[in-house]
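These are my notes from a first look through one structure. I went from place to place and wrote down what I found.

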Amino acid sequence: MIGRLMTMTAHPGRGGELAAVLLRVAQRLHGFPGCEIYLISQDAADPDTVHVTEVWQDDASAQAALTAPPTADSPAPADVLALLSSPPHRTDLTVLGGVGLPTAR
């Protein structure tokens, strides 16, 4: 499994809006093949900073989600980017295990 930690900073005062859009992205990914975890969190000390914690079966699954055609009710990538005050920061991870992850397949 692979993981990604994404940190996004919204324009001042728009962190709640950014979190809401990312929660809509998470709804679209519910049941998406290979998506194990897609967790949206807002920084308690800075509500304009939003974190996305992702766990995927493999890189191909993550890439398939990025290239999947949008649905009528899902936000477009431009919707997220328009809310950001700077480019997102991405950290790639090798997932070793933990609570909430599926057992080995």
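**Pocket.** I began with the largest pocket of this predicted model. Its volume comes to about 570 Å³. I then looked up the lining and found 24 residues. Val 25, Arg 28, Tyr 38, Leu 66 and Pro 77 are the closest to the centre.

Which elements give two or more residues to this lining? I noted strand E1 (2-9), helix H1 (15-29), strand E3 (49-56), helix H2 (59-67) and helix H3 (77-81). H1 gives the largest share, four residues. By character, I sorted the lining into 19 nonpolar residues, one polar and four charged.

**Aromatic pair.** Next I looked for paired rings. My count is one aromatic pair. The partners are Phe 32 and Trp 56, with ring centres 6.4 Å apart. Their planes stand at 85°, and over 60 counts as edge-to-face, so I entered the pair as edge-to-face.

Where do the two partners lie? I found Phe 32 in the loop between H1 and strand E2 (35-42), and Trp 56 in strand E3. The pair therefore ties together parts that are 24 residues apart in sequence. Are the two buried or exposed? I have both Phe 32 and Trp 56 down as buried.

**Nonpolar core.** Trp 56 turned up again when I went to the largest nonpolar core. I noted 23 residues there. Those that touch the most other members are Met 8, Leu 18, Leu 22, Leu 29, Tyr 38 and Trp 56. At least two residues come from each of E1, H1, E2, E3 and H2. Once more I wrote down H1 for the largest share, here seven residues. A general remark for the margin: in soluble globular proteins, nonpolar side chains tend to be buried together.

I followed Met 8 further. Setting aside residues up to four places away in sequence, I listed what Met 8 touches. Leu 18 and Leu 22 are among them, and so are Asp 48, Thr 49, Val 50 and Val 52. Val 80, Leu 84 and Pro 88 complete the list for Met 8.

**Arg 4.** I stayed with strand E1, where Arg 4 has its place. Is this charged residue buried or exposed? Its relative accessible area is 3%, and under 20% means buried, so I put Arg 4 down as buried. Beyond four places in sequence, Arg 4 touches residues including Val 52, Thr 53, Glu 54, Asp 59 and Leu 66. Arg 90, Thr 91, Asp 92 and Leu 93 are also among its contacts. I checked one long span as well: Arg 4 and Leu 96 are 92 residues apart along the chain, and their C-alpha atoms are separated by 13 Å.

**Ala 19.** I moved to helix H1 and picked Ala 19. Its relative accessibility is 9%, so Ala 19 counts as buried. Which residues does Ala 19 contact, neighbours within four places in sequence left aside? I found Ile 40, Gln 42 and Val 50. For Val 50 I also took the C-alpha to C-alpha distance to Ala 19, which is 6.4 Å across 31 residues in sequence.

**Two loop residues.** Leu 83 sits in the loop between H3 and strand E4 (89-94). I read a relative accessible area of 3%, so Leu 83 is buried. Farther off in sequence than four places, Leu 83 touches Thr 9, Ala 10, His 11, Arg 14, Glu 17, Leu 18 and Val 21. Its C-alpha atom is 8.2 Å from that of Gly 15, 68 residues away along the chain.

Pro 70 lies in the loop between H2 and H3. Here I read 55%, and over 50% means exposed, so Pro 70 is exposed. I closed with its distance to Val 25: 9.7 Å from C-alpha to C-alpha, with the two positions 45 residues apart in sequence numbering.

Conventions: Residues numbered from 1 in each chain as written. Predicted model: local features only at pLDDT ≥ 70, side-chain atom pairs only at ≥ 80, totals over all residues. Heavy atoms only, no water. 1 Å grid on protein atoms, 1.4 Å probe; cavity = no way out; pocket = protein on both sides within 12 Å on 5 of 7 lines; lining within 4 Å. Points joined across faces, edges and corners; volume = space filled by probe spheres on them. Nonpolar A, V, L, I, M, F, W, Y, C, P; charged D, E, K, R; others polar. Phe/Tyr/Trp six-rings, centres within 6.5 Å; stacked < 30°, edge-to-face > 60°. Buried < 20%, exposed > 50% of the residue type's maximum accessible area, 1.4 Å probe, protein only. Core = buried A, V, L, I, M, F, W, Y, C linked by side-chain atoms within 4.5 Å. Contact = heavy atoms within 4.5 Å.
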